[in-house]
Every structure is written in C-alpha cells, then in structure tokens.
Amino acid sequence: MDNLHRAKSYNPIRQPSLPSSPQPIPSSQLPPPPKPSQLTPIDSLYQSEKSLITVQALLRGRAERTVFKKNIKRQRHRQNVAQEILQTEIVYVQNLNTIVEVFFIPLREMVNEKEKKAFVTSTELRKIFSEIEPILSVNRKLLNDLRPRVDHWSPSQLIGDVFLFLFNFLKIYTQYIADYNTKLATIRECQERPEFNKFLTECAQKKEVGTQNLGSFLIQPIQRIPRYEMLLNDLFKHTDEDHNDYQNLKLATTKI
C-alpha cells in the first residue's frame, strides 16, 4: 500500500527547455555611441605643425630632385658640346693637313725642282697658301691638348684654358682672313693654265679630297673661328659659376 502511494505521488524530473532566440533590442534602448575625443588647442597646433613639416619635407625633396635633374642635364649638355668641339676639330685638322700634303707640298717641290718650267711661281704659292702651315701647327697642338681631356671627361673637367692658348695665335687667323680674297684671285689666275687645272684634277681623285676642291678647303679656317665662338658660348652658358672652368670660359668667350 505504501509502495502504491509512493508510485502515485512520484513526479519525474522535467528536462530543461531550449532557450528561445534572443529578441532584438530596440534602438531607443541602445547606449549612445561614444563621443569623439576632444583635441585641446595645443594638440591641434601640434598636428597642424606636424602636417606642415611633412608637406615641407615633400616639397623640399621635390625641389632637390628638380635641382639634381637640372644639374644632370647641364652636365650632359656640357659633355655633348665638348664632344662636338673635339670631333669637329679632328675633321678640321685633317682638312688642314690635306691642304698641305695634297696641294701645297707637291706644288712647292715642283717649283723648287724646276722653277722656270713650273706652271706656278713661288710668289703665287705664297699668296695661295700663306699662313696654312702655322695654322696647322697651332691646331695640331690644340687637338692634342683637347683629345685626352674630352676622352676622359668628367663633370669637373677643364677645356677653357686650352682655348686661351689658341687665342695667343689669333693674329695668324686675322692675317689669313685678310689675305683670303688674294688667295682666290691667285687661284683664278693659275686656272688659266692647263697644267694647273690638270694638277687640281689629279688632286680631286685622291681619297682625302673627296668631293671638295681647293677653294672649299681654303675657306675652312675662316669658318672655324665663328664655330669656336658658338661652341664656347654654349659651353659657358651651361657651366656653373662655381665650376673651375667658369672663369677660363668667360675669358675665352670675350677674347674670341
């Protein structure tokens, strides 16, 4: 009986039920968002100064790069001008040498061997070729001084002093220019003789003469001085005032 009573009064243990899905919280019940931190005037000033320093550094870096590029450009231009001076001087000296070796020396030897039978006189030779040998000598020296400097070019290289040496001999060029019309007139007189024309024709067959003639060779010393002036002015224009060659080039451009 007691067992029956206990069985009727027995209540089994309930299993806990699963929690239901959380319900969304109304926005009116959400906490307010945090307020941004307030900067003090000193903090604002510090940040502004820091930004200014950054901008100044960027501008300074850009300016330095601009100056660097400008210097590189100037250095390259100076080297290009120096190369042009050298290359044109090589050709010029070769042409002076052609005047002497191909035209002048054979005629002089002919006059010395048989002056009475020669188709030109010693006086005519002097009129046509006056100052050519001294000019060739001066410009060979100039070329020998220029070549190693340009071949081993550097941003600090000097060539203005080389031209100051040349300008000590400008009187030779001045005299040559003064005599130029006489040279042409004498050539025209000599060309009235068939033997002289035959000589010029034989010279024209030589490789070093090419497509030029005696007149086109003889004008080159007159053309060379303005070429020096143009190239030296260009070099001087692209040389900084603190460069070791600045004063040499300045003096050279005034003397020419």
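**View 1. Phe119 and Phe196 are both buried, and their rings pair up.** Both of these residues, Phe119 and Phe196, lie buried in this predicted model. Their rings form an edge-to-face aromatic pair, with 6.3 Å from centre to centre and 75° between the planes. The pair links distant parts of the chain: Phe119 sits in the loop between H2 and helix H3 (122–129), while Phe196 belongs to helix H8 (residues 194–204), 77 residues apart. Look for a third ring here too, since Phe119, Phe196 and Phe199 form one aromatic cluster.

**View 2. The whole chain is built from helices.** Before zooming in again, let us step back. How many helices and strands does the protein chain have? There are 11 helices and 0 strands, so the order of elements from the N terminus reads α-α-α-α-α-α-α-α-α-α-α. Of the 256 residues in the protein chain, 33% count as buried. The accessible surface of the chain comes to about 17900 Å², and carbon and sulfur atoms account for 54% of that surface. Among contacts between residues at least 6 apart in sequence, 78% join residues at least 24 apart.

**View 3. Phe103 and Phe217 form a tilted aromatic pair.** Searching the whole structure turns up 8 aromatic pairs. In the one formed by Phe103 and Phe217, the ring centres are 6.0 Å apart and the planes meet at 55°, which makes the pair tilted. This pair also links distant parts of the chain, with Phe103 in helix H2 and Phe217 in helix H9 (residues 214–218), 114 residues apart. Are these two residues buried or exposed? Phe103 counts as buried because its relative accessibility is 2%, and Phe217 is buried with a relative accessible area of 0%.

**View 4. Thr98 is a buried residue of helix H2.** You will find Thr98 in helix H2 (residues 41–113). Its relative accessibility is 6%, so Thr98 counts as buried. Which residues does Thr98 contact, leaving aside neighbours within four places in sequence? They are Phe103, Glu208, Val209 and Phe217. Two of these names, Phe103 and Phe217, are the partners of the tilted pair.

**View 5. The largest nonpolar core holds 62 residues.** Within this core, Phe103, Leu107, Val120, Phe129, Phe163 and Leu218 touch the most other members. H2 gives the largest share of the core, 17 residues. In soluble globular proteins, nonpolar side chains tend to be buried together. Now take a closer look at Phe163: not counting residues up to four places away in sequence, Phe163 touches Ile85, Leu142, Leu146, Tyr228 and Leu232.

**View 6. Helix H10 has a buried face.** H10 (residues 220–237) has 18 residues and reaches 26 Å from its first C-alpha to its last, close to the 26 Å expected at 1.5 Å a residue. Its buried residues are Gln220, Pro221, Arg224, Ile225, Tyr228, Leu231, Leu232, Leu235 and Phe236. Why do they line one face of the helix? Seen down the axis of H10, the buried residues fall within an arc of 140°, so they line one face. Tyr228 and Leu232 may look familiar, as both are touched by Phe163.

**View 7. Asn244 is an exposed loop residue.** Asn244 is found in the loop between H10 and helix H11 (246–255). With a relative accessibility of 60%, over the 50% cut-off, Asn244 counts as exposed. Although Asn244 and Leu158 are 86 residues apart along the chain, their C-alpha atoms are separated by 7.2 Å.

Definitions and conventions
Residues are numbered from 1 along each chain as its sequence is written. This is a predicted model: local features need pLDDT of at least 70, side-chain atom pairs count only at pLDDT 80 or more; totals for chains, interfaces and linings use all residues. Side-chain values use heavy atoms; hydrogens and water are left out. Helices (H or I, at least four residues) and strands (E, at least two) are DSSP runs, numbered from the N terminus. The expected span of a helix is 1.5 Å times one less than its number of residues. Buried means under 20% relative accessible area, exposed over 50%, partly exposed in between (1.4 Å probe, protein chains only). The arc is that of the directions from the helix axis to the C-beta atoms. Contact means heavy atoms within 4.5 Å. Accessible areas come from the Shrake-Rupley method with a 1.4 Å probe; for residues, only the protein chains shown count as cover. A nonpolar core is a set of buried Ala, Val, Leu, Ile, Met, Phe, Trp, Tyr and Cys residues joined through side-chain atoms within 4.5 Å. Rings of Phe, Tyr and Trp (its six-membered ring) pair if their centres lie within 6.5 Å; planes under 30 degrees apart count as stacked, over 60 as edge-to-face and the rest as tilted.
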